[in-house]
Amino acid sequence: MKKSYSEITPYIQSLADISLANNQIKPEMYAIHDVKRGLRDLNGNGVVTGLTEISNIKARKKLPDGTSVPCEGELSYRGINIRELVAGFRKDKRYGFEEIIYLLLFSELPTKDKLEEFTKTLSDFRTLPSSFVRDMILKAPGSDMMNILARCVLALYAYDDNPDDISVPNVIRQSLFLISVFPLLSVYGYQSFQHYYNEQSLNIHLPKTEYSTAQNILHLLRGDGNFTELEAFVLDLCLVLHAEHGGGNNSTFTTHVVTSSGTDTYSSVAAALGSLKGPRHGGANIKVVKMFDDMKQSINTKNKDEIKDYICRLLDKNAFDNAGLVYGMGHAIYSKSDPRADILKECAKELACAKGHDEDFELYDMVARIAPEIIAEKRKMYKGVSPNVDFYSGLIYKTLQLPNELYTPLFAIARIAGWSAHRIEEIQNNGKIIRPAYINVLEERPYVELSKR
């Protein structure tokens, strides 16, 4: 009988055992050779591998004596503080994601006329060939949304008359197209999945030219008029805050590495999607929601002591997924605060109040105040722990009643703006393939003839 591709046979298991026995690098070797595991030093700071002008993250400040201490987190896009950017379009009560895309790509704030022209261009790009929707999405559903996205992106290569040209004008064209169609790929992919696997009716909505990216996402999911202005504004803000976060995050660094090889835009974006799919990178917000769901089922969330005990059990690997993590708390870079979380907290509260989810917000807010103290004590962490952007984005997506399967694709819909900016920056400014060194730590050994093994 032919074996299944997914079956782990005794022979495959035996090969795995050989691999585990023979491929173990001793941890002390990293210190001996001064290798920064994960490209981080002993303090957890990233090893500098390049230069960028796209965004900057600040989590520490220097004192007069030269020492560095944690400070309130700051994030800037092209040198402009994210809080000022958000305050600007919130003051005018307008959608900001399209303006942020322009800023990230071209390093200047657009005038009103330029923004209108740019928004129209994105809208004109926001369409897919009917044959592509039919054959690549509806007829070929998948069980994982990020794999669907990556597959669709690679397939779009065949629909491009000039896919391999990596001149800046052509890459900008390709980037604007992918930025525009990511909501369609995500929502249509999800709807196809639901139709095929869960036998839900299939109702495909076409994007509307007058809608922003955030409005179109809700329109594609619900149909015209089935969302409020507040819902669209809050979703737009989530896209703004997820659009970019430095060149060192895993998916953006992947973009730089793959782009440096000279490959096409579609391959570069598919690689970044593969990185974002990983639970250590893009899947944290859904973990936050599931953790809180488990909390509400396990304890009386009105009781502060029971919440404290649950958090302790999380850290002791005795609750939820037994991973020892309080999802949504802490960040590899930020310590005292994540500015994105600070901004989203205000919006999460407003949205929760408007939709009758006050108790959910109060629970999140209580955990946000309690967890850092417990984590700092049990983990002996002194750099500071605070809620990160995933903590409140998960609550917002749940309050918006967005499907769990779209949480990570929403991250991609936003972050492709940053990936595109970094790809263009790599093309314009580098010219060398990224090739870090690995030190071989296995000593030479003689060849043994087959008859003597």
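Leaving aside neighbours within four places in sequence, which residues is isoleucine 101 in contact with? They are Phe118, Leu122, Ile179 and Ala417, where contact means heavy atoms within 4.5 Å. The model is predicted: local features need pLDDT of at least 70, side-chain atom pairs count only at pLDDT 80 or more, and totals for chains, interfaces and linings use all residues. Residues are numbered from 1 along each chain as its sequence is written, and side-chain values use heavy atoms, with hydrogens and water left out.

**Overall fold**

- The protein chain has 18 helices and three strands; these are DSSP runs numbered from the N terminus, with helices being H or I of at least four residues and strands E of at least two.
- The C-alpha trace spans about 75 × 60 × 60 Å along its principal axes.
- The radius of gyration of the protein chain is 24 Å, which agrees with the value near 22 Å for a compact globule of 453 residues; the radius is taken over C-alpha atoms, and the globule rule is 2.2 Å times the number of residues to the power 0.38.
- Of the 453 residues in the protein chain, 45% are buried; buried means under 20% relative accessible area, exposed over 50%, and partly exposed in between, with a 1.4 Å probe and protein chains only.
- Among contacts in the protein chain with a separation of 6 or more, 71% come from residues 24 or more positions apart.

**Isoleucine 101**

- Isoleucine 101 sits in helix 4 (residues 97-106) and is buried, with a relative accessible area of 0%.
- From C-alpha to C-alpha, isoleucine 101 and glutamate 244 are 9.6 Å apart in space, with their positions 143 residues apart in sequence.

**Helix 10 against helix 18**

- The axes of helix 10 (residues 229-242) and helix 18 (residues 407-429) come within 7 Å and cross at roughly 60°; axes are lines fitted to C-alpha atoms, for helices over the stretch in contact, and angles run from 0 to 180 degrees between N-to-C directions.
- The crossing is right-handed, meaning that the near helix is turned clockwise from the far one by less than a right angle (anticlockwise would be left-handed).
- Leu235, Leu239 and His242 in helix 10 meet Leu410, Phe411, Ile413, Ala414 and Arg415 in helix 18.
- These contact residues divide into six nonpolar, one polar and one charged; Ala, Val, Leu, Ile, Met, Phe, Trp, Tyr, Cys and Pro count as nonpolar, Asp, Glu, Lys and Arg as charged, and the others, Gly among them, as polar.

**Salt bridges**

- The whole structure holds 25 salt bridges, each a side-chain nitrogen of Lys or Arg within 4 Å of a carboxyl oxygen of Asp or Glu.
- Lysine 208 pairs with aspartate 224, with the closest N and O atoms 3.0 Å apart. Lysine 208 lies in the loop between helix 8 (168-198) and helix 9 (213-222), and aspartate 224 in the loop between helix 9 and helix 10. Lysine 208 is partly exposed at 22%, as is aspartate 224 at 44%.
- Lysine 355 pairs with glutamate 231 at 2.9 Å between the closest N and O atoms. The two are 124 residues apart, with lysine 355 in the loop between helix 15 (339-354) and helix 16 (358-379) and glutamate 231 in helix 10. Lysine 355 is partly exposed at 30%, whereas glutamate 231 is buried at 4%.
- Lysine 296 and aspartate 360 meet at 3.0 Å, N to O. Lysine 296 lies in helix 13 (residues 284-298) and aspartate 360 in helix 16, so the pair ties together parts that are 64 residues apart in sequence.
- Arg90, Glu346 and Glu350 are joined into one network by salt bridges that share partners.
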